[in-house]
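Here's a quick look at how a ligand is held and where some charged side chains pair up. Have the chain open as you read.

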Amino acid sequence: MRPLIIAFDGPAASGKGTLASVIAVDYGLPFLDTGLLYRAAGYLAHVRDIDPALAASLIDAEVLADDALRGREAGERASRVAAIPEVRAALFKYQQDFAGQASGAVLDGRDIGTVIAPHAVVKLFVTARPEVRAHRRWLQLVKLNPALTEAEVLEDIRIRDERDSSRSSAPLEMAKDALLLDTSDLGIDAAIATARSLVKSRL
Ligand code: CDP
């Protein structure tokens, strides 16, 4: 039997990370948030003032646990270094090895179903309207930065969507064989229930 690889892709704050981690627990599969790798590469390049592709090769468990990766600047830096082909190449093998584990795996990101694991058994493309995503992301970020406005977060999201979708190297796009899940009008429980039934429909 083919190992069970489940790919979650979609734009910022669409809910894909939350849904992917629930599905990973459901099926007892290891889970990789690939966005964290790009966040770590952008962050390391900045704090050490080094080439982003070199930074991508230096990522370790300590960097990945750094709270700074969760912030607004880290997301913005991640999307800038993610457009550099050498950075994507430096992170490719780790992600592909993770996806290739005999146990199967769940990965979330932008190019899992298209580039990292095109042979994934289940592919979900999770999206939501920009205003809804901005509201969700603002609720997370305002705890760290009380002065942040929702309008600023919406602007960040629009810039990031545009950059992630228009880059030439592995742009954010829905794989032809992916199932679409729009979480705009779904609460968390309904989104989880829908993700569960979509995954089941492919098994
Ligand atoms: O949580 P959020 O969706 O805001 O961001 P993330 O998943 O942590 O990803 C941060 C950035 O990394 C994205 O805006 C993408 O530019 C980049 N990324 C990517 O290019 N490919 C991936 N597989 C994952 C993230």
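There are 12 salt bridges in this structure, which is a predicted model. Take the one between D97 and K93: the closest N and O atoms sit 2.6 Å apart. Both partners, D97 and K93, belong to helix α6 (residues 85-99), and they're spaced four residues apart, about one turn of the helix.

Now for the ligand. It sits in the largest pocket. Around it you'll find 18 residues, and R39, R88, R137, R160 and D164 are the ones that come nearest. Sorted by class, that shell has nine charged residues, five nonpolar ones and four polar ones.

Which helices each supply at least two residues of the shell? They're α2 (34-48), α5 (72-81) and α9 (150-166). The largest share comes from α2, with four residues.

Some polar side-chain atoms can be paired with particular ligand atoms, as laid out here:

| Residue | Ligand atom | Distance |
|---|---|---|
| K16 | oxygen | 3.0 Å |
| D111 | nitrogen | 3.0 Å |
| R160 | oxygen | 2.6 Å |

So much for single contacts; how much of the ligand's surface does the protein bury? On its own the ligand exposes 530 Å², and the protein buries 95% of that.

R160 is worth a second look on screen: it's one of the residues that come nearest to the ligand, and its side chain puts a polar atom 2.6 Å from a ligand oxygen. D111, for its part, has a side-chain N or O atom 3.0 Å from a ligand nitrogen.

Definitions and conventions. Residues numbered from 1 in each chain as written. Predicted model: local features only at pLDDT ≥ 70, side-chain atom pairs only at ≥ 80, totals over all residues. Heavy atoms only, no water. Near = heavy atom within 4 Å. Polar contact = N/O pair within 3.5 Å; in protein donor to acceptor, adjacent residues only side chain to side chain. Areas by Shrake-Rupley, 256 points an atom, 1.4 Å probe, with all protein chains shown as cover. 1 Å grid on protein atoms, 1.4 Å probe; cavity = no way out; pocket = protein on both sides within 12 Å on 5 of 7 lines; lining within 4 Å. Sits in = over half its atoms within 2 Å of the grid points. Nonpolar A, V, L, I, M, F, W, Y, C, P; charged D, E, K, R; others polar. Salt bridge = Lys/Arg side-chain N within 4 Å of Asp/Glu carboxyl O.
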